[in-house]
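Biologist: I am new to this structure and would be grateful for a close look at a single part of it. Could you choose one helix, explain where it sits, and describe what its side chains meet?

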Amino acid sequence: MEEKWKIAIVEDEEDVLVEIDRIVRNIWKDEMDDVEICLYGSGRAARAAIRDGGRFDLYLLDVEMPDVDGLKLAGEIRERDGESCIVFVTAHERYALRGYHYRAYHYIMKDEGYQKHLQGVLREIRADWSEQKSKYYVINAIGHGYIRIRMDRIVYLDVEGKNVVFHCKNGERYAERKTLKAVYGELDQKMFVQSHRSIIVNIRHIANIEGGTVRMDGYDELLPVSSHLRETLQMGMMNYWRNR
């Protein structure tokens, strides 16, 4: 089962909303079957979708909007998701520093010719996604048969009895009768780190590490971190994001 990349465009000026949508569709024109685009004409509408469980891989946000501005919206996004990509597209340069506080991928000024700048940023994101999509893991899932999962969609793995359980984005889970050690040897070691004798986490989905626990994006449960693996986990996380 493969998930689509999801893109949210949030802009209160209808002509700009339509223009950004056109640019996005042009960048992904050869892969539209793999992409889902949602348009929101206000911050309030986007916030309602997010609070209702909506989650996107890329957010293109205006900053100054009359109801819920893009910075407040970015704050809510980061409370729920530390891994998605946020790009601000705005006419107001003075918010740039605050925008990067929310780990924005880019801050694009809506000046003359901003479309070309936006196209360049989106091409970078598309190339990154294409690289991620090329990495799959095939499992013989109990009750599903053989399925192919993108590694970047796997949030963490743990052990239940004699099975390894793959916990994926959007709450999906699959079990395979295999040892954790065998699975770990087949995963991308730059992306996955063992945090406990019975748990492997995907570094890109770590929301935070606190004391002897780690919280993953989209999951409320705190996962235990073994004391002798804590430093390895922290270093793996730092190295992964340093090379992004």
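Modeller: Two strands are said to pair if DSSP finds at least two bridges between them. In this predicted model, strand β4 (residues 85–90) is joined to β5 by four bridges, and the two run parallel. Threonine 90 stands opposite methionine 109, which belongs to β5.

These strands belong to an open sheet of five, ordered β2-β1-β3-β4-β5 and paired in parallel. Its edges are formed by β2 (35–40) and β5 (106–109), each of which pairs on one side only. From one strand to the next, the twist averages 15 degrees.

Helices pack on this sheet. Helix α1 (residues 14–27) lies across β1 (5–10), β2, β3 (58–61) and β4, and runs at about 175 degrees to β2. Helix α3 (residues 70–80), the part I have chosen, touches β1, β3 and β4, and its direction makes about 180 degrees with that of β4.

At the N-terminal end of α3, aspartate 69 acts as a cap: one of its side-chain oxygens lies 2.9 Å from the backbone nitrogen of leucine 71. Because eight of the 11 residues of α3 are buried, the helix is largely enclosed by the rest of the structure. The buried residues include Leu71, Leu73, Ala74 and Ile77, but also Glu76 and Arg78.

Glutamate 76 deserves particular attention. Its relative accessibility is 14%, so it counts as buried, the limit being under 20%. Apart from neighbours within four places in sequence, glutamate 76 is in contact with Arg47 and Arg51. Side chains of opposite charge can pair when their charged atoms come close. Such a pair is formed by arginine 51 and glutamate 76, whose side chains meet in a salt bridge of 2.6 Å, N to O. This pair links distant parts of the chain, for arginine 51 is in helix α2 (residues 43–51) and glutamate 76 is in helix α3, 25 residues apart.

Glutamate 76 also forms a salt bridge with arginine 80, the closest N and O atoms being 3.5 Å apart. Because these two residues are four apart in helix α3, about one helical turn separates arginine 80 from glutamate 76. Arginine 80 is partly exposed, with a relative accessible area of 38%, whereas glutamate 76 is buried.

For the wider setting, a search of the whole structure finds 14 salt bridges. One of them joins aspartate 21 to arginine 25, with the closest N and O atoms 3.0 Å apart.

Methods:
Residues numbered from 1 in each chain as written. Predicted model: local features only at pLDDT ≥ 70, side-chain atom pairs only at ≥ 80, totals over all residues. Heavy atoms only, no water. Axes fitted to C-alpha atoms, helices over the stretch in contact; angles between N-to-C directions. Contact = heavy atoms within 4.5 Å. Buried < 20%, exposed > 50% of the residue type's maximum accessible area, 1.4 Å probe, protein only. Polar contact = N/O pair within 3.5 Å; in protein donor to acceptor, adjacent residues only side chain to side chain. Salt bridge = Lys/Arg side-chain N within 4 Å of Asp/Glu carboxyl O.
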